[in-house]
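Subject: Structure for you to look at

Hi,

Here is the structure I promised to send over. Have a look around it yourself, then read on for my notes.

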Amino acid sequence: MQIDLTGKSVLLGVTGSISAYKACDLARLFVKAGAEVHVVMSPSAERFVSALTFEALTRNPVLTEQSESWASEMNHIELGKKCDVFVIAPATANTINKIAQGIADNILTQTALAFKDKILIAPAANTQMLAKTATCNAMTFLQDNGYSMINPQDKLLACGDVGSGALAEPTEIFFEVAKALCSDPFWKDRSVIVTGGGTREKLDEVRYISNFSSGKMAKSLCIALYLRGANVTYISTMGFDELPAAMTTIEANDAQDILEATQQSIQKVTTDRHKMKTPYIFMVAAVADFTPKAPQSGKLKKSMLGDTWHIELKQTTDVLASIDKSAIKTVGFKAEMDTQEGLNNAAALLDKKGVDAVCYNLLKDAKSFGGNENEITFITKDTQVSLGRADKLTLSNKILDEAKKLIHEEASNV
Ligand code: CTP
């Protein structure tokens, strides 16, 4: 899934940790997303990776003690001014402690002290170095003062110890930086539930009835929401690969799982409703309308079933129709193959299930499932807006822009 950071500029700070080589992957992720990337390296970082590596990856000169120049923008004051965000990854315990104290004794800490916008810090150090009172206090102080910490991982460290201290994965750091760049006041800190994927209704313990839904549209919507700053709860039957680890995820299998997880999540996000922004639910999951009446335990034998197998199905509970919608905005999804009646069927969902909006998607044929593109019309009681055909992340952003309009009074307040 291609996150687009075109027009954004990132300053990447690299300090002297063995994980400095991972900053190369991180730089690549920013470049691939279309961002302009500048790098500043502490003298210790240069002992692990050469400035030339970053220069080749970013196509920009790298700021080091040697390259600093007052005849150009390559100095610790001007370089920061060109960038929207500063991420220090990896940040050693030494650098964290120094930044918290306002110490500026090398090119990187000088750049940090001079930087006016958001700074994100991804620590990487031995467990004991991070656990020391001085480092803990420094991290707490920085967090309380507008810096964002990207938590290190627990694993076998390069020094041989096992514990917390390994640099977060480059993809995780990328998500957090992208989130800092894409934040949207309307969605920021708003609770949003998304369901996705086709349900699997068990016939016995090895066989099930399902559908071709890939869960890609729901996943794209989750990423678009996450980057805008929403508190996303993703209920899915299709796993959670490629999603930020910080996202709340609930695994589901069948229609009953989706029903229970949705009800519980709604309960959670609507308690204390007066203190919070109105939550949303995007019901993207292709929930089975029917499920086997009597799923069998174990594995049914062909010899027991005979030449034909008659399976009795019963209707499932309609999640969208049955949930309490009094304190949550609801968006249903309707995939149709009927070119004549599809749009009308989708619009009918507004009353049939009492939802605030419907995303209508006309499927051309069975091959339409699982692709990276989609075509959506966003339908409310008042409007039908064609969002066109696009990749699923672009469409998700368009859906979110339309879904904002469901809350007029809040939209003007934030
Ligand atoms: N939905 C649900 N619970 C179900 C079935 C569907 O919540 N048991 C939700 C889907 O997540 C989607 C919307 O309802 O948001 C789809 O509406 P629906 O009219 O049920 O679509 P289909 O299931 O495709 O209906 P039909 O088979 O009649 O075309």
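Below is what I found, going from the whole chain down to single residues.

Before anything else, keep in mind that this is a predicted model.

**The whole chain**

The chain runs to 414 residues, and 48% of them are buried. If you colour it by secondary structure, you should be able to pick out 15 helices and 19 strands. Along the principal axes, the C-alpha atoms fill a box of roughly 75 × 55 × 40 Å. There's also a nice number on how the chain folds back on itself: take the contacts between residues at least 6 apart in sequence, and 69% of those join residues at least 24 apart.

**Two domains and where they meet**

The domain assignment splits the chain into domain 1, residues 9–181, and domain 2, residues 185–411. Five residues from domain 1 and nine residues from domain 2 take part in the contact. From one C-alpha centre to the other, domain 1 and domain 2 are 38 Å apart.

How much area is buried between domain 1 and domain 2? About 560 Å², with carbon and sulfur atoms giving 62% of that. On the domain 1 side, the residues that lose the most area to domain 2 are Glu 172, Phe 175 and Lys 179, and together they make up 83% of what that side buries.

As for how the two domains pair up, I counted zero salt bridges between domain 1 and domain 2, but two residue pairs in polar contact. The residues on the side of domain 1 that touches domain 2 divide into two nonpolar, no polar and three charged.

**Salt bridges**

A bit of background first: side chains of opposite charge can pair when their charged atoms come close. The count for this model comes to 18 salt bridges. Here are a few to find on screen.

Start with Glu 78 and Lys 81, whose side chains meet in a salt bridge at 3.3 Å, N to O. Both sit in helix H3 (residues 78–81), and because they are three residues apart there, about one helical turn separates them. Glu 78 has 29% relative accessibility, so it counts as partly exposed. Lys 81 is at 51%, so it counts as exposed, the cut-off for exposed being over 50%.

Next, try Lys 188 and Asp 189, where the salt bridge is 3.7 Å, N to O. Lys 188 counts as partly exposed, at 36% relative accessibility.

Then look for Arg 389 and Glu 373, with their closest N and O atoms 3.6 Å apart. This pair links distant parts of the chain: Arg 389 belongs to strand S19 (residues 384–391) and Glu 373 to strand S18 (residues 373–379), 16 residues apart. Arg 389 is partly exposed, with a relative accessible area of 42%, and Glu 373 is partly exposed too, at 43%.

Some salt bridges share partners as well: Asp 184, Arg 228, Asp 401 and Lys 404 are joined into one network that way.

**Three buried residues**

Is Glu 402 buried or exposed? It is buried, because its relative accessibility is 12% and buried means under 20%. Glu 402 lies in helix H14 (residues 392–404). Leaving aside neighbours within four places in sequence, Glu 402 is in contact with Phe 378, Val 385 and Leu 387.

Thr 316 is in the loop between strand S15 (313–315) and helix H12 (319–322). At 17% relative accessibility, Thr 316 counts as buried. Which residues does Thr 316 contact, leaving aside its neighbours within four places in sequence? They are Ala 255, Ala 288, Asp 289, Phe 290 and Thr 291.

Last one: Thr 95, in helix H4 (residues 93–101). Thr 95 is buried, with a relative accessible area of 4%. Not counting residues up to four places away in sequence, Thr 95 touches Thr 15, Leu 108 and Thr 109. If you want to try the distance tool, pick the C-alpha atoms of Thr 95 and Phe 54: these residues are 41 apart along the chain, and the atoms are separated by 20 Å.

Happy exploring!

Note on methods. Residues are numbered from 1 along each chain as its sequence is written. This is a predicted model: local features need pLDDT of at least 70, side-chain atom pairs count only at pLDDT 80 or more; totals for chains, interfaces and linings use all residues. Side-chain values use heavy atoms; hydrogens and water are left out. Domain bounds come from an automatic or database domain assignment. Contact means heavy atoms within 4.5 Å. Buried area is the accessible area (1.4 Å probe) that two parts lose on being put together, summed over both. A salt bridge is a side-chain nitrogen of Lys or Arg within 4 Å of a carboxyl oxygen of Asp or Glu. A polar contact is a pair of N or O atoms within 3.5 Å; within protein, one must be able to donate a hydrogen and the other to accept it, and residues adjacent in sequence count only if both atoms are side-chain atoms. Ala, Val, Leu, Ile, Met, Phe, Trp, Tyr, Cys and Pro count as nonpolar, Asp, Glu, Lys and Arg as charged, and the others, Gly among them, as polar. Helices (H or I, at least four residues) and strands (E, at least two) are DSSP runs, numbered from the N terminus. Buried means under 20% relative accessible area, exposed over 50%, partly exposed in between (1.4 Å probe, protein chains only).
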